[in-house]
Amino acid sequence: MNVSQAALVFVALAPGAVFGLLALLWLVGWVPPERAVARITDWMFSASAVALIPVWLGLTSSGTAAVTVEFANWFTVHDYRFPLVLMADRLSLPFLAMTVVLAGLIGRFSATYLHREPGVFRFFLLLHLFTFGSLVAFAAGSFDLLVAGWEIVGITSVLLIAFFQHRAAPVENALRVFGIYRAGDIGLVVGVFALHQWAGTASFAGGFPHLTASHASMLGALLLFAAAGKAAQVPFSGWLPRAMEGPTPSSAIFYGAISIHAGAYLLLRAQPLLARSGIASALVVAVGVATAIYGTISGRVSADAKGSLAFASLTQVGVIFAEIGMGWNRVAVVHILGHATVRTLQFLRAPSALHDYHRMDSAEGGTTPAAGRLEEWLPERWQLWLYRWALDRGHLDTILDRFAIHPLMLLSGWFAALDRLGMHRPPREHDDAEASMSGAGAHGPRPERI
Amino acid sequence: MERGVMLTAVAIGVPWAAALGTVAANRRPRAIGFTAAFIAVTASALLLRGAPAGDSLTIALMVLYSCLTLGATLMLPRRDCTSGMIAGILFLLGSTLLAYSTDDLRVLLAAWIVSSAPFLREEWFGAPTWRPKLGLLLSGAALALAVAVIAASGGTMSIGGLIHSSPTSMTVFGLLVAAVVFRKGICPAHAWVADAAQGGAAIPTALLLNGHFGAMLAARLILPLFPDTARELFPLLSYLALGTALYVAVRALTENSPRRLIAYLALSQSACILAGLESQTIEGVTGALVHWFVVSASTMGLFGIVRLLEVRFGENLTGSTHLGLAEHAPRLACFFIVFGLALVGLPGTLGFCSLDLLVHGTMASHPLTGLLLPIATAMNAVSVFRLFARLFLGRRKTGLIGMADALPRERWIFTVGVAFFVLGGLFPSAIVARRAAEAEMVEQALQPPKGSSDTVAERALRYHHIAIAQVE
């Protein structure tokens, strides 16, 4: 193993090792002081950032397409292998660098922002686990390993949405987000299985040359389903504003920077499939454009700073999806890097957005111009309809509730009734489960802040 | 006496003797139970050490079950840790190990029935319905009838001998399948499991369910004895298992009783084990065998944590409102989410590997119905998180002054469980490779060689020869 390979292994595994160490200490009953955790986080991310330099040098100086580290198979059963391959190529390296730098900045910011907040240790634990999941997903040499990182990102994301655990709304919103993530993951799991069956491998290295156009279309659609779930694209967009219940640093790193772009990364990795299927590419463009339009319209009526930023993120990620669908991969990568950086800054400044605005307004002598409103060109009736549509966030949650969650809960209720047939003392059941799945916590009266 | 026989006798005899001793002495039940279970673990582990790869499934199951019982003796809250309870648990351990290890059908039947005996007591099975007792009764009756038919047809009572003679009676096959369906709680015979979990003693019921006698019967008897019939008819049972996994997963979505919910999760994931066993692919069978370990360990942990919460918080634990218990019991919350997510395939745990193999194996053999497996698992994941959120997160309980988190003995045993999942997930080869060798044997016996037209008896004999070759 040469220096660049060793550095890649360090970058990918260091946050996981820190998470494991801190979790073990906590389990045996010792919680490290806040300052120690913050310092460990600083050192780890600084070292990871430095370690990216030899990876970059290894990639540029050797002239190879990728720095690759092949471990033994994770497990092998007959002909089926789960390869453990880490890879840094010209696509994954920018994502690795973005993750390390932005997660490090968030760690530094949070040390002050969450100082003496109950649960600060839990926040740092989850930050390390999330970074580990992201780095594994971005450095994976195959879709198999990408799934592992992808799911870790999902569960940490959900646990951080429920960070303020004493309030019901974040907890119920976390459950809603988790449900959508898991639904999207079905597409990824089935897609990876189909890739094994049809292409004989899920490794990125070969480019899947034996796939037919129809197979590529089906795979593209499955991966798009997974990507749309993770990136909150239409029709799954309703979860993103709910995810803003988490602490601001986690909103910044998840929904401004890394997690929200994981779906785009998946599609970039699936580019050999999309290039072979016009239908799949068109679907990606359609979903992206629909999300961009949805995001920009809904964002205009959003009354809170983080909600507005979430819709702005949606709009940009929608545009990125469209770029990927059209095959403009380099443009998409540059767009992702720029968007992630700017949005992280905006999210971190969100708690003082009004203060910033007033300062800026004062500096300009109170003459800050209002943003241009394209909708003013529309007839008033249409404006009103659009306003209502945007206020209900495009009715996406309502549609999802009515056509997916409600029927499922109804079915479950019927099954419960069937099960109760032979019971003498029926237990109280399914009284409010439906309410929780349909996100009543987000729409209902909010409990007071503690 | 041969070393293997002696160790098996120790693993079975010591728990039984200790059960009698606990009742007679009526003091220090936890210490006696722990020691007896520890001896059973050691004897089974020594047996496993000498067992050849490919023929060690039953011994591995003995180790697993002994470990589960050892854990149960530690996690039992003081309120439940009576002489009667420990004696019952040890009796269950002895009879389950007997069922795993015996080669005689009559002994298997006796162990099958006797393992249910402690649950005749009201405090163990105080279920609100008659269904648990009926489920156990019907499964025992079906197996008894199968054994009777084999005996009436003049067949040998040895499982190894039966493989040589290959009984092809469809009646025996049907009765064995019925025994599996009733014992495992395959739909429509699933409701008894949730009833048993809700009304009975939580930890002993978890031990009863985690014996997985249904899957054991399928792996040890049905697959090797009826390779031809199994190949033709097992897809039907596989569809039934996958249907059960989905049905129960949907049912769990609106369940608010923690015990019933965990029982549904266990049922759904156990049905996945059966679906994997019937997939006729090495990946699927291996995934099923590994998942067997995952389901057993995780549901044992989940039932244990729920019981500990009941003892601390009150018996009226419910998932209908937020209880916010994480503030008082953060470690129990952490253990709960790890066990729960391991059950549904959290990456970095052994559950991820087993479900990966299960999905690949099942979907390879049944591309359309196999889709139900990831869907059911996704729904189960939502149910796990919902229960976690309701029990541990949400509003602060202002009326609750103090509630103990995991006590040291509980903390250590749960940490061992977490270590099993995490280390097993990071380095799964040791577990997967052994299960793969066993799965390969089953799969080879089921698949006729290309271009050959060998009979069922020849194929069954080949299974036996492969087993002998593995031993040698």
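Which residues touch the most other members of the largest nonpolar core? In this predicted model, select Val11(A), Leu96(A), Ala139(A), Ala264(A), Leu267(A) and Ala245(B), which hold that position among the 332 residues of the core. Next, colour helix H14 (residues 282-313) of chain B, which supplies the largest share of this core, 17 residues. Domain 1 (1-101) and domain 2 (187-471) of chain B both contribute residues to the core, so the core lies between them. As general background, nonpolar side chains tend to be buried together in soluble globular proteins.

Return to Val11(A) and display its surroundings. Beyond its neighbours within four places in sequence, Val11(A) is in contact with Ser48(A), Ala51(A), Leu52(A), Val55(A), Leu96(A), Val100(A) and Leu135(A). Leu96(A) is thus listed both as a contact of Val11(A) and among the residues that touch the most other core members.

**Strands of chain A**

Select residues 66-70 and 85-89 of chain A, which are strands E1 and E4. The two strands run antiparallel and are joined by 5 bridges. To locate one point of this pairing, pick Val67(A), whose bridge partner in E4(A) is Ala88(A). Is strand E4 of chain A largely enclosed or open? Of its 5 residues, 4 are buried, so E4(A) is largely enclosed by the rest of the structure.

**Chain B and its two domains**

Now isolate chain B, which has 20 helices and 0 strands. Of its 472 residues, 64% count as buried. Among contacts in chain B with a separation of 6 or more, 80% are between residues 24 or more positions apart.

Colour chain B by its domain assignment, domain 1 (1-101) and domain 2 (187-471). Their contact takes 27 residues from domain 1 and 30 residues from domain 2. On the domain 1 side, show helix H3 (57-75) and helix H4 (83-101) of chain B, each of which supplies at least two residues. H3(B) gives the most to that side, with 12 residues. By class, the domain 1 side has 17 nonpolar, 7 polar and 3 charged residues.

**The contact between the chains**

Bring chain A back into view. The contact takes 52 residues from chain B and 52 residues from chain A. On the chain B side, the helices that each supply at least two residues include H9 (191-199), H12 (227-252), H14 and H17 (372-392). The side of chain B that touches chain A has 28 nonpolar, 14 polar and 10 charged residues.

**The loop after H14**

Follow chain B to Gly314(B), in the loop between H14 and H15. Gly314(B) counts as exposed because it has 11 C-beta neighbours inside 10 Å. For a distance label, join it to Gly301(B): the two are 13 residues apart in sequence and 19 Å apart in space, C-alpha to C-alpha.

**Confidence**

Finally, colour by pLDDT. The mean for chain A is 89, with 93% of its residues at 70 or more. Over residues 428-450 of chain A the pLDDT is below 50, and this stretch has 53 contacts in the model beyond near neighbours in sequence. Chain B averages 86, and 89% of its residues score at least 70. Among the elements of chain B, helix H20 (residues 456-471) has the lowest mean pLDDT, 46, and H17(B) the highest, 96. The pLDDT stays under 50 over residues 449-461 of chain B and over residues 463-472 of chain B. Where pLDDT is low, the predicted coordinates should not be read in detail. The model scores ipTM 0.90 and pTM 0.90.

Notes. Residues numbered from 1 in each chain as written. Chains lettered and ligands numbered in written order. Buried ≥ 20, exposed ≤ 12 C-beta atoms within 10 Å, placed from the backbone. Pairing = 2+ DSSP bridges. Core = buried A, V, L, I, M, F, W, Y, C linked by C-beta atoms within 7 Å. Domains from an automatic or database assignment. Contact = placed C-beta atoms within 7 Å. Nonpolar A, V, L, I, M, F, W, Y, C, P; charged D, E, K, R; others polar. pLDDT = per-residue confidence, 0-100.
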